[in-house]
Amino acid sequence: MADNLRALFSSNDPSAFDVAEAFTDRNSQWVLVAAALEEHLRRVAGGSIDVEDLEAPRTNVIVFHGVGGVGKSTLLRKLEAALTAAEHRPEQWGAPTWTERVLPIRIDLSRAASTGSDFERVILTIRLALAGALDRTVPSFDVALRHYWEHVHPGEPLDEYIRRSGLAGRFANLLPGQLQAGVGEVAAALALPGLVGSAAGQLTNALVSALRERQERARALAGATRTAALLEATPDLEALSYYPHLLAWDLNQLPAKKRLTPVVLLDTFEDTADRHRDFERLLQRLVWLMPNVFFVIGGRSRLQWADPALHGQLDWTGPAAWPGLAAAPSSLSVPQPRAAGSGARQFLIGDLSPEDCEAHLARRLVQDGQPLIGADIRAAITTRSHGLPLHLDLAVSRFLEIRRTGRTPTAADFDCTFPALLARTLSDLTPEERHLLRSVSLLDAFDLDLATRTAGLAQQALARRLVERPLVTEDPYALWPYHLHRAIRSAVRDDEHSDDRWTPADWHQAATRALAALGDQWTEAAALAPSRMLLVACLRQGLRLARDHQLSGLGWLIEAAFVYTDDSVWEPLPPPTADTGAPDTPADAVAELLTAIARRQREHRQRTADRLTALLDTGLLPAELTEMALYYRAKAHKDLSQNDAARTGMQQVADAEGRLAVKARRALANLARLAGDFPTALAAVPTLGWKGRHHRVLGDIHWSHADTAAAVAAFDAGRAEAEQHGAVGERAMMQVRLALALSFADPDRAADELALAHQLLDGLDQRSNTLLAQAVALIKDAGTGGVTARAASLRTDIEAAGLPFLHRFVELALALHHAARGEDQDLAATIGRLRALTATGDFAYFTDIAHFMAGLPLPGPTVTRWISSEQAVRDRWHRLVHDRRTHLGR
């Protein structure tokens, strides 16, 4: 309602639009409350709750916690209204199933100043609500309360205090009279009418004596077992915190027609926090001592009462006492509680869905039956809010503020954060916690160690306390389990108003620490057991930090870049910031380099070559990574069939004798093979080793000679070597080539190997090998129906990928297909296309192979230099066609 009034007074013409409360559906929370309350009422009605049993576990509480601004107070207000009258209950919530009478009592603890006297507010609020609902006394509690009041507030009338403290309401005038009536009932029961107007102490002493003497009328009126002991205790705040036991007993004695169950809603529970949990201890006693009353608690943090570590700070702790509040009741190592309640009773209130945000904004301000806030603005607010209700309300206020200036709001006006949101977040954090919060806002995700190092702290204790707050979300299955709420993270990063806001230098220092912490975590883990997942995660965060904060110390990022590219897996990395133009720092250049290399699997290879050329022209890359850019540009040139440019680039890398020199020599050997110079390629194999992927080079030479056995042996050895080194990308490449070698000679086995290849390729993002595997499937199926149509479709995909070298494999598959079927005219057309595709000399031996398959003479001298006689190669390829015809039954 306060928001409605703010909106009402924000315009000189409030009738121009309607301001409505836009309560967004919290149906799941209502279902939880309704189910827990129904169970509680059933237990109360069934007599299974003994208010004098102080050892039984308590299930009379349900807790909703969440980050500030997520809508906890709104939920509790709506719960109070829904429990008060059916017409105030949202239609989507549905009607409750119980028929028992309930009395909702909402208490806003935000006024509490962490002083014990505020507990009086809570007690008096509950008693005032009961005064109106019952219209009768609760004698044992009233006698104790009067005794306490005269002792602690001598000479101050209760009604005056109620008015002065702001507790006055429509039932305020009833309470003093009911207290006096309660005294009269007790005096009458004791047959001491003369004590009605006397000091409370005299009546209390008389009642204690009567209870001690077991007088029947006294016990009937105030006969809780512990009543006498409570009345004998010094009537101070400590005693007052135990008086709810008497109130619970009084409620239990009500006649059937007067029976009701209070539902106490304690809002903003986080404001009860103090160093020694003094106020929280008093409130916990209230909940524990009134097991027949149902409590709904809302606060920013989880209620820790089920944590055994709090033993001694609170009266009742541990999962046995509070089974529904335990974080993981299934894994408790303590005995299970007696009469344990059903299910969890502590729930995190999450953000609103985009649909709920849209509905909230559409209903909030209405003009002529239509949403005053336009759809484009609603979408912008929803995106920026990340589902935080407080952000939505602040955006509505901003909308009205802009309209008040006479300007029409636009979507761009809401691409912002709000200082009020940050102020709400920081309000209950210590200076040290604020420092930590700003530090971890640099990170997409973190663990305790990463947070501690980023903040420059020596111990993890502060980080552990921060992650327990609801502004941090936990995913226990993630590599780094914690991340800040996105709206809060944006507010922290955009802060320009807080008194203790960071300077650019502060952010730069923190980013430097964060980058170093990521590097330390990766290098320490890699020394024990290399983890691809950790490598990529560190790279993603590290590249963004280095780029966004223009960090110069790139040390570990350079090593990580080589490890990332070494296995050809190509997980996506974050692209540079959009619309920033060419890189202007080394960090920008490194981010652009790895992004270009990774994205070449999803972009045309010409785009990759152009990006790497532009990057090399900047001169910003460190020397080691300049070599990497040259190498991958040369690879792109090879894929584009620009083999002269590829040879030049690879030779440059090989001559530099850097980390990629061996790979460049392998590439030169492959380029020699593509030019038909097989002896040169074969001579290079012994110099390559594992890093130069010697088995892959050797296998490619052998399958080109139709030496299936030798090719399979080489690829099998390469796959085993890749498995030995944990190189999943290379293993997949070897598997595709193994299937390739078999696809010409043994289609049945090739089908099995190809199935495994697709399995190994899954998730690796190796586009060229995925398309090659499809070409292998064509070769395997050559001679059967549908091959030509599939070939046409594959050509389209190859063209889109910018991988023209693969066109040769498609035509080679068609050459085998037409030769096996005896389709001479189609075979001639295929050979013609192959001749055109190999006119530069590269892959010219594919044209030779097509002639060998068909048993045709070569049209002229060949540039191909085989490692065995040309006749032997011809005979093997022609034999494969004969075998395929036999396989097909032709």
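Which residue lies over the face of Phe805? In this predicted model, that place is taken by Lys638, at 4.9 Å from the centre of the ring. Phe805 has other ring company too, and that comes up again further down. First, though, the sheet.

Five strands make up an open sheet, and reading across it gives the order β3-β4-β5-β2-β6, with parallel pairing. At the edges sit β3 (102-108) and β6 (346-348), each of which pairs on one side only. From one strand to the next, the twist averages 15°.

Take β5 to begin with. This strand covers residues 294-299, and six of its six residues are buried, so the rest of the structure largely encloses it. In a regular strand, side chains alternate between the two faces of the sheet. For β5, one side carries Phe294, Val296 and Gly298, while the other carries Phe295, Ile297 and Gly299. Both of these faces are covered, with every one of those residues buried.

What joins β5 to β2? The answer is five bridges, with β2 (residues 61-65) and β5 running parallel. Two of the pairings can be picked out by name: Val61 has Phe295 as its bridge partner in β5, and Val63 stands opposite Ile297. On the β4 side, four bridges tie β5 to residues 261-267, again in parallel. Here Leu266 is the residue whose bridge partner in β5 is Ile297. Ile297 therefore turns up in both pairings, opposite Val63 of β2 and as the partner of Leu266 of β4.

Now for β2 itself. Is this strand buried or exposed? Five of its five residues are buried, so β2 is largely enclosed by the rest of the structure. Val61, Val63 and His65 point one way, Ile62 and Phe64 point the other way, and all are buried. Besides its bridges to β5, β2 pairs with β6 in the parallel sense over three bridges. In that pairing, Phe64 stands opposite Phe347 of β6.

Between β5 and β6 there is a loop, and Gly318 is found in it. Gly318 has a relative accessible area of 5%, so it is buried. Along the sequence, Gly318 and Ala306 are 12 residues apart, yet in space their C-alpha atoms are 3.9 Å apart. Setting aside residues up to four places away in sequence, Gly318 touches Trp305, Ala306, Asp307 and Pro308.

Next come the aromatic rings. How many aromatic pairs does a search of the whole structure find? It finds 26. One of them joins Trp30 and Trp98, with ring centres 6.5 Å apart and planes at 50°, so this pair is tilted. The two rings come from distant parts of the chain, 68 residues apart: Trp30 belongs to helix α2 (residues 27-45), and Trp98 to the loop between α3 (72-84) and β3. Both partners are tucked away from the surface: Trp30 is buried at 3% relative accessible area, and Trp98 is buried at 13%.

Trp522 and Trp556 give another tilted pair, because their planes meet at 45°, with the centres 6.1 Å apart. This pair also links distant parts of the chain, with Trp522 in helix α22 (residues 504-528) and Trp556 in helix α24, 34 residues apart. Trp522 counts as buried at 7% relative accessibility, and so does Trp556 at 13%.

Ring pairs can also add up to a cluster, and this is where Phe805 returns: its cluster includes Phe678, Trp703, Phe744, Phe809 and Trp877. Elsewhere, Arg58 lies over the face of Trp288, at 4.4 Å from the ring centre.

Finally, two residues from another part of the chain are worth a look. Arg544 is found in helix α23 (residues 532-548). With a relative accessible area of 12%, Arg544 is buried. Beyond its sequence neighbours up to four places away, Arg544 touches Leu442, Leu443, Asp444, Arg489 and Arg493.

Gln550 sits in the loop between α23 and α24 (555-566). Is Gln550 buried or exposed? At 53% relative accessibility, Gln550 counts as exposed. Even so, Gln550 is in contact with His508, Leu545 and Thr585, leaving aside neighbours within four places in sequence. Gln550 and Asp584 are 34 residues apart in sequence, and their C-alpha atoms are 9.3 Å apart in space.

Terms used. Residues numbered from 1 in each chain as written. Predicted model: local features only at pLDDT ≥ 70, side-chain atom pairs only at ≥ 80, totals over all residues. Heavy atoms only, no water. Buried < 20%, exposed > 50% of the residue type's maximum accessible area, 1.4 Å probe, protein only. Pairing = 2+ DSSP bridges. Axes fitted to C-alpha atoms, helices over the stretch in contact; angles between N-to-C directions. Contact = heavy atoms within 4.5 Å. Phe/Tyr/Trp six-rings, centres within 6.5 Å; stacked < 30°, edge-to-face > 60°. Lys NZ or Arg CZ within 6 Å of the ring centre and 35° of its normal.
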